Amino acid sequence: MANLQLRITELRRQQGISQQQLAERLGVAFQTVSKWETGTTMPDIAMLPELAAYFQVSVDQLLGLRPLPEEEYLPVESGTRGYWEERSDYLLRTRKTMVNQDYLTFLVERVWQLREPVRVLDCGCGLGFLASMLMPLLPQGSTYRGIDLSPNLIAEGQKLLGQAEWITSPGQIVMEQGDFLACNMRDAYDLVICQAVLRHIGRPIEFLEKMRHACRPGGMVACIDVNRELESDGLYIQGMDYARLCAREGFPAMWRTELEKQDRDYAIGIRLPLLMEQLGLKQVQCRMNDRVNIISPSQENYEEKLQDLIITRGWTEDMEAEEKDTVRRFMNHGMTRAEAEDYCRRQREIREHLLRHRGDAGIVTTGGLMISFGWK
């Protein structure tokens, strides 16, 4: 019974009827309807089909086990300025585990063969993490321009990059706040790049087309992004059931809903090579990022790495207080209540396991990042 949350209040208000009117229709006292809505009592099981038929929903929808039809969709906010304003700590903790410097060196020198100074445009640059890794590898004289929605991230990124040893001239690094899709691209760039941006936004194809437009003829467009199916398999915790850790019941329905309602593409990472070809880029290639993160008790920085993982995955002490909102949001995006609650239960199991075995639990993670690039 704890999993049941009658949706009578929402359904009644959608139809614009009062508790008294509903009570009269069902032949019960209006106080009975009030008790149903507050959760004090439940309708008799024999009345559930009648209630469901009256509101033209299924019994599962009436009981809150499945989302209501035509319920107002609450969009994911990860493509908005406000979402990232207070997330610099998250970016600092996650970006250091995304890409291996030696693999990026291999891409720059052997695959992309960037031997002359290049003008780099980083679309959705955040704190400028990509600049800190990429710019020291590029030929002397290369310049960098980063654009991001968040003024807070731009300000913090400017501080982080301002004292970098590899900066050789004023104006070599420019970071500015703005909406890339709305920016007037007067200049053309040799390398137009983004990292972990397209997975978060709506209209990713429009964003990619804008990147292509900002690239000079003969220049390169590169996107480093996640495929959610691969990412879902990228967590192993010693002593836990790997199959349960990777369970994704309900997520395909949620991903489809977000794609239909918001054009937020969970499979953008694996679709990018073909999208690039469709937009006219040439010699398109795709590589899998080689970064796999091992968190082992034998490592000196074990506690730091474990804490980073716990915070960025949300396995913190306030997790249970947020469960109700998580379930509501996931159901709004297409999951059943059972699927959403099972997801929350898995997250609690992980937190409890790590608390019990802190100091001796080994963990392996990989993000499923795909690196797609092509020339204009």
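This passage describes salt bridges, one helix and a set of paired strands in a predicted model.

A convenient place to begin is with the charged side chains. Across the whole structure, the search returns 25 salt bridges. One of them joins E50 to R25, with an N to O distance of 3.8 Å. This pair ties together distant parts of the chain, since E50 belongs to helix α4 (residues 48-55) and R25 to helix α2 (residues 19-26), 25 residues apart. Both ends of the bridge have some access to the surface: E50 has a relative accessibility of 35% and therefore counts as partly exposed, and R25, at 45%, is likewise partly exposed.

A second long-range link is made by R244 and E349, whose closest N and O atoms are 2.9 Å apart. Here helix α13 (residues 242-245), which holds R244, is connected to helix α18 (residues 337-356), which holds E349, and the two residues are 105 positions apart. R244 is partly exposed because its relative accessibility is 27%. E349 falls in the partly exposed class too, at 28%.

The bridge between R212 and E209 is of a local kind. Its N to O distance is 3.0 Å, and both residues sit in helix α11 (residues 204-214), three residues apart, or about one turn of the helix. This spacing fits a familiar piece of helix geometry. An α-helix has 3.6 residues a turn, so residues three or four places apart point the same way. R212 has a relative accessible area of 21% and is partly exposed; the cut-off for a buried residue is under 20%. Its partner E209 is partly exposed at 27%. Beyond such pairs, there is also a network of salt bridges that links D89, R93, K96, E304 and D308.

Helix α8 (residues 101-111) gives a clear view of how burial is arranged around a helix. Its buried residues are Y103, L104, L107, V108 and V111. Viewed down the helix axis, these residues fall within an arc of 140°, so they line one face of α8. The face turned away from this buried side carries the exposed residues D102 and R110. What do the buried residues of α8 pack against? Their partners are α9 (129-134), β7 (282-288) and β10 (369-375). Just after the helix, Q113 adopts a positive phi of about 50°.

Attention now turns to strand β1 (residues 119-123), which is mostly covered, with four of its five residues buried. β1 runs parallel to strand β2 (residues 143-148), and five bridges join the two. Within this pairing, C123 has I147 of β2 as its bridge partner. Together with α9, the strands β1 and β2 form a right-handed β-α-β unit. β1 also pairs with strand β4 (residues 189-195), again in the parallel sense, over three bridges. In that pairing L121 stands opposite V192 of β4.

A final note concerns a loop residue. T168 lies in the loop between α10 (151-162) and β3 (173-177). With a relative accessible area of 54%, T168 is exposed, because the exposed class begins over 50%. Its C-alpha atom is separated by 8.3 Å from that of Q140, a residue 28 positions away along the chain.

Methods. Residues are numbered from 1 along each chain as its sequence is written. This is a predicted model: local features need pLDDT of at least 70, side-chain atom pairs count only at pLDDT 80 or more; totals for chains, interfaces and linings use all residues. Side-chain values use heavy atoms; hydrogens and water are left out. A salt bridge is a side-chain nitrogen of Lys or Arg within 4 Å of a carboxyl oxygen of Asp or Glu. Buried means under 20% relative accessible area, exposed over 50%, partly exposed in between (1.4 Å probe, protein chains only). The arc is that of the directions from the helix axis to the C-beta atoms. Contact means heavy atoms within 4.5 Å. Two strands pair if DSSP finds at least two bridges between them. A crossover is right-handed if, with the strands pointing away from the viewer, the path from the first strand over the helix to the second runs clockwise.
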